[in-house]
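This briefing introduces a structure to a reader who has not met it before. Please consult the sequence and the model shown below while reading the points that follow.

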Amino acid sequence: MAKQCKISKRLSFHVARHTFATTITLSNGVPIETVSKLLGHTKLSTTQIYARVVDQKIGDDMDLLQSKL
């Protein structure tokens with residue numbers, strides 16, 4: 001599947017969890033606390049390792065804050 005999609009990285013369960021945490025949930029506005037529960041983590045710090053906040057999300061959050069002020 002990766003070859004057909006021209007993805008050079010080896011796909012694994014870990015890669016899928018990381019992608020889910022960053023691209024699917026956090027980048028679409030799901031709070032990190034919810035992502036933590038979805039991943040089955042008991043500590044938020046564990047989720048923060050998986051779910052690095054992408055630059056686009058930071059920009060979107062700041063734009064939202066600016067529109068509220």
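Two residues are in contact when heavy atoms of theirs lie within 4.5 Å. The structure is a predicted model. On that footing, and leaving aside neighbours within four places in sequence, R17 is in contact with L39, H41 and Y50.

**Helix α2 and its two sides**

- Helix α2 spans residues 32-39, and I32 is found in this helix.
- The buried residues of α2 are I32, V35, S36 and L39.
- Viewed down the axis of α2, these buried residues fall within an arc of 105°, so they line one face of the helix.
- An α-helix has 3.6 residues a turn, so residues three or four places apart point the same way.
- The face turned away from the buried side of α2 carries K37 and L38, which are exposed.
- The buried residues of α2 pack against two other helices, α1 and α3, the latter comprising residues 44-50.
- After α2 comes G40, which has a positive phi, near 80°.

**The nonpolar core**

- The largest nonpolar core has six residues in all, namely A21, L26, I32, V35, L39 and Y50.
- Helix α2 supplies the largest share of this core, three residues.
- In soluble globular proteins, nonpolar side chains tend to be buried together.

**I32 within the core**

- With a relative accessible area of 18%, I32 counts as buried because the cut-off for that term is under 20%.
- Apart from neighbours within four places in sequence, I32 is in contact with L26, L44, T47 and Q48.
- One of these partners, L26, also belongs to the largest nonpolar core, as does I32.
- A21 is another member of that core; A21 and I32 are 11 residues apart in sequence and 8.6 Å apart in space, C-alpha to C-alpha.

**R17, a buried charged residue**

- R17 is found in helix α1, which covers residues 13-25.
- Which side chain of opposite charge is nearest to R17? It is that of E33, 16 Å away, and R17 is buried yet has no salt bridge.
- The side chain of R17 does make a polar contact with the side chain of H41, at 3.1 Å.
- H41 is thus named among the contacts of R17, together with L39 and Y50.
- Both L39 and Y50 are members of the largest nonpolar core, and L39 is one of the buried residues of α2.

Notes:
Residues are numbered from 1 along each chain as its sequence is written. This is a predicted model: local features need pLDDT of at least 70, side-chain atom pairs count only at pLDDT 80 or more; totals for chains, interfaces and linings use all residues. Side-chain values use heavy atoms; hydrogens and water are left out. Helices (H or I, at least four residues) and strands (E, at least two) are DSSP runs, numbered from the N terminus. Buried means under 20% relative accessible area, exposed over 50%, partly exposed in between (1.4 Å probe, protein chains only). Lys and Arg count as positive and Asp and Glu as negative; His and the chain ends are not counted. A salt bridge is a side-chain nitrogen of Lys or Arg within 4 Å of a carboxyl oxygen of Asp or Glu. A polar contact is a pair of N or O atoms within 3.5 Å; within protein, one must be able to donate a hydrogen and the other to accept it, and residues adjacent in sequence count only if both atoms are side-chain atoms. A nonpolar core is a set of buried Ala, Val, Leu, Ile, Met, Phe, Trp, Tyr and Cys residues joined through side-chain atoms within 4.5 Å. The arc is that of the directions from the helix axis to the C-beta atoms.
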